[in-house]
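Hello, and thanks for taking a look at this one with me. Below are some notes to read alongside the model, point by point.

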Amino acid sequence: MNIGQVISQHRKKKGISQIDLSKELLKYDIHVGNAAVSSWEKGTNTPTASQLLALCQILEIHDIYSEFIGENPIDPFRHLNDEGILKACEYIELLEGSEKYGKRSAEILPLEGRKMKIALTSASAGTGNFLDDENFEELEIFDPVPKKASFGVYLDGDSMEPGFKNEQLIWIEQTDTLESGDLGLFFLDGLTYFKKFVKKNSGIFLVSLNPKYKPIPVSEYSTFRIFGRLAVK
């Protein structure tokens, strides 16, 4: 059978007229009259893909391939008689009802954010009062945040590349003590830095990861403060 004959057969099987079918199509935002339905059934016109899918929905045509093309090569029931199909359907119902084989709907958990303090100034523009409350805004962060993070700060410049990029948001665990080799946030003589803390016999140095920047020495006359270390996951 051609497309029109299949449509006509299923329409008559459901006991609806061509006018009724055109009205049903309005529910799918398809505006055609009964004359269009008649032309489909006669084969003088062919429904579009969206019209055909809507027709199949209305006329309860579930196996579109078999109805309009022929035997479906991937139909698991194609080699079974009616009794075999019935047995297979009964077994499918048993599988669907079992805890082991039944499909479970995924539980959608609400995405919860974490309220964090974010510095209003970047790491190279802060002052000695960097940790004062007025220098921060509190935001709800939905991206992963290290558990020990106390606040976030944006970087300014390329001195910590390639490990850290300009304008990257980093998380700091507030502390006033560091081990040599730790990455941390510091105040030194009027500016705030994100650097590697290096302690040698010759003194303390703030070291950039970018080799084009020289280590910054912390002298005994410097105004120096440790704000915290880089918080890691």
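1. A word on terms first: a residue is called buried when its relative accessible area is under 20%, exposed when that area is over 50%, and partly exposed in between. Please also keep in mind that this is a predicted model. With that in hand, turn to helix α3, which spans residues 34–42 and has V37, S38, S39, W40 and E41 as its buried residues.

2. What lies over those buried residues of α3? The cover includes α1, together with α2 (18–26) and α4 (49–58). If you follow the chain just past α3, you come to G43, where phi is positive, at about 90°.

3. Helix α1 is also worth a look for another reason. Covering residues 3–14, this helix contributes 3 residues to the lining of the largest pocket, the most of any contributor. The full lining consists of H10, K13, K14, L59, E60, I61, H62, D63 and E67. As for the pocket's volume, the value is about 160 Å³.

4. Now to the aromatic rings. For a pair, the ring centres must lie within 6.5 Å, and planes under 30 degrees apart count as stacked. The count by this rule is 4 aromatic pairs. One of them joins F186 and F197: the ring centres are 5.9 Å apart and the planes meet at 20°, so this pair is stacked. Because F186 belongs to strand β5 (residues 183–188) and F197 to strand β6 (residues 191–200), the pair ties together parts that are 11 residues apart in sequence.

5. How buried or exposed are these two rings' residues? F186 has a relative accessible area of 0% and is buried. F197 is buried as well, at 5% relative accessibility.

6. F186 has a second partner, F224. Here the centres are 5.9 Å apart with the planes at 20°, so the F186 and F224 pair is stacked. This pair links distant parts of the chain, from F186 in strand β5 to F224 in strand β9 (residues 224–230), a separation of 38 residues. F224 itself is partly exposed, its relative accessible area being 26%. Taken together, F186, F197 and F224 make up one aromatic cluster.

7. Two lysines are placed over aromatic rings. K195 lies over the face of Y213, 5.8 Å from the ring centre. In the other case, K200 has its charged end over the ring of F205, at 5.5 Å from the centre.

8. K195 brings us to S208, a residue in the loop between β7 (203–207) and β8 (216–218). Is S208 buried or exposed? With 10% relative accessibility, S208 counts as buried, because the limit for that label is under 20%. Its side chain makes a polar contact with the side chain of K195, at 2.7 Å. Leaving aside residues up to four places away in sequence, S208 touches S159, M160, K195 and Y213. So when you view S208, you will find in its surroundings both K195 and Y213, the lysine and the ring whose face that lysine lies over.

9. One last stop is S219, in the loop between β8 and β9. At 38% relative accessibility, S219 is partly exposed. Which residue might you compare it with? Try L188: S219 and L188 are 31 residues apart in sequence, while their C-alpha atoms are 9.9 Å apart in space.

Definitions and conventions:
Residues are numbered from 1 along each chain as its sequence is written. This is a predicted model: local features need pLDDT of at least 70, side-chain atom pairs count only at pLDDT 80 or more; totals for chains, interfaces and linings use all residues. Side-chain values use heavy atoms; hydrogens and water are left out. Rings of Phe, Tyr and Trp (its six-membered ring) pair if their centres lie within 6.5 Å; planes under 30 degrees apart count as stacked, over 60 as edge-to-face and the rest as tilted. Helices (H or I, at least four residues) and strands (E, at least two) are DSSP runs, numbered from the N terminus. Buried means under 20% relative accessible area, exposed over 50%, partly exposed in between (1.4 Å probe, protein chains only). A charge sits over a ring if NZ of Lys or CZ of Arg is within 6 Å of the ring centre and within 35 degrees of the ring normal. A polar contact is a pair of N or O atoms within 3.5 Å; within protein, one must be able to donate a hydrogen and the other to accept it, and residues adjacent in sequence count only if both atoms are side-chain atoms. Contact means heavy atoms within 4.5 Å. On a 1 Å grid over the protein atoms alone, a cavity is a set of points where a 1.4 Å probe fits but cannot get out, and a pocket is an open set with protein on both sides within 12 Å along at least five of seven lines; lining residues have an atom within 4 Å of a point. Grid points are joined across faces, edges and corners, and a volume is the space filled by probe spheres set on the points.
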